[in-house]
Amino acid sequence: MSVELFEEWIKEIDLKFSFQKKKIALIVDNCSAYPNLQKLDWVELIFLPPNTTSITQPMDQGVIRSLKAKYRSLAVKKEIAALEKENKMLKFSILTAMFMRTKAWIPFQIKPS
């Protein structure tokens with residue numbers, strides 16, 4: 001999200017609600033891409049305090065913790081396999097890390113029955 005994109009989106013929302021003659025409050029986190037726009041007539045931006053994501057979005061915290069645990073488990077297994085096979089530490093490339101992250105995420109996806 002960029003400052004320009006956010007401003008454009010908020011101004012469109014403000015225009016939409018001006019036609020409906022409805023005032024709204026939009027709660028946003030404290031991302032640096034969210035400027036404090038003063039010239040909005042129909043939208044009021046309410047900024048959350050910094051460092052409150054774990055309180056306001058506890059689901060994120062649990063999912064991220066589980067994903068990291070699965071990723072670390074895969075990394076350790078890969079290291080052990082390399083040590084047993086070649087008796088040396090494995091060097092991870094960014095591509096390898098991306099594939100492992102994808103593999104760690106797959107158990108969280110909904111599987112068709």
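A salt bridge here is a side-chain nitrogen of Lys or Arg within 4 Å of a carboxyl oxygen of Asp or Glu. The legends below describe close-up views of a predicted model.

**View 1. E79, a buried acid without a salt bridge.** E79 sits in helix α3, which covers residues 58–86. The residue is buried. The nearest side chain of opposite charge belongs to K78, 9.4 Å away. That distance is outside the 4 Å limit. What does E79 touch, leaving aside neighbours within four places in sequence? The contacts are M89, L90 and F92.

**View 2. D14, a buried acid in helix α1.** Helix α1 spans residues 3–20, and D14 is part of it. D14 is buried and, again, has no salt bridge. K23 offers the nearest side chain of opposite charge, at 8.3 Å. Which backbone atom does the side chain of D14 reach? The partner is the backbone nitrogen of V43, at 3.1 Å. V43 also appears among the contacts of D14. With neighbours within four places in sequence set aside, those contacts are L40, D41, W42 and V43.

**View 3. The largest nonpolar core.** Nine residues make up this core. They are F6, I10, I13, F17, V28, L37, L40, V43 and L45. Two elements, α1 and β2 (43–47), each give two or more residues to the core. Helix α1 supplies the largest share, four residues. Apart from this core lies another, of five residues. Its members include L74, A75, M100 and A104.

**View 4. F17 and its contacts.** F17 belongs to the largest nonpolar core. Not counting residues up to four places away in sequence, F17 touches K22, I24 and W42. W42 is also in contact with D14.

**View 5. L45, a buried residue of strand β2.** L45 is found in strand β2. Its relative accessible area is 12%, so L45 counts as buried. Which residues does L45 contact, leaving aside neighbours within four places in sequence? The list is F6, I10, L26, P35, L37 and L40. F6, I10, L37 and L40 are also members of the largest nonpolar core, as is L45 itself. How far is L45 from D14 in sequence and in space? The two are 31 residues apart in sequence. Their C-alpha atoms lie 11 Å apart in space.

**View 6. The aromatic pair F6 and W9.** The structure holds one aromatic pair. The ring centres of F6 and W9 are 6.2 Å apart, and the planes meet at 40°, so the pair is tilted. Tilted pairs fall between the stacked limit of 30 degrees and the edge-to-face limit of 60. Both residues lie in helix α1. They are three residues apart, about one turn of the helix. Are the two partners buried or partly exposed? F6 is buried, because its relative accessibility is 2%. W9 is partly exposed, because its relative accessibility is 41%. F6 also takes part in the largest nonpolar core and is in contact with L45.

**View 7. K21, a loop residue with positive phi.** K21 is found in the loop between α1 and β1 (24–28). Its phi is positive, about 55°, although K21 is not a glycine. Most residues other than glycine have a negative phi. Is K21 buried or exposed? K21 is exposed, because its relative accessible area is 63%.

Terms used:
Residues are numbered from 1 along each chain as its sequence is written. This is a predicted model: local features need pLDDT of at least 70, side-chain atom pairs count only at pLDDT 80 or more; totals for chains, interfaces and linings use all residues. Side-chain values use heavy atoms; hydrogens and water are left out. Buried means under 20% relative accessible area, exposed over 50%, partly exposed in between (1.4 Å probe, protein chains only). Lys and Arg count as positive and Asp and Glu as negative; His and the chain ends are not counted. A polar contact is a pair of N or O atoms within 3.5 Å; within protein, one must be able to donate a hydrogen and the other to accept it, and residues adjacent in sequence count only if both atoms are side-chain atoms. Contact means heavy atoms within 4.5 Å. A nonpolar core is a set of buried Ala, Val, Leu, Ile, Met, Phe, Trp, Tyr and Cys residues joined through side-chain atoms within 4.5 Å. Rings of Phe, Tyr and Trp (its six-membered ring) pair if their centres lie within 6.5 Å; planes under 30 degrees apart count as stacked, over 60 as edge-to-face and the rest as tilted.
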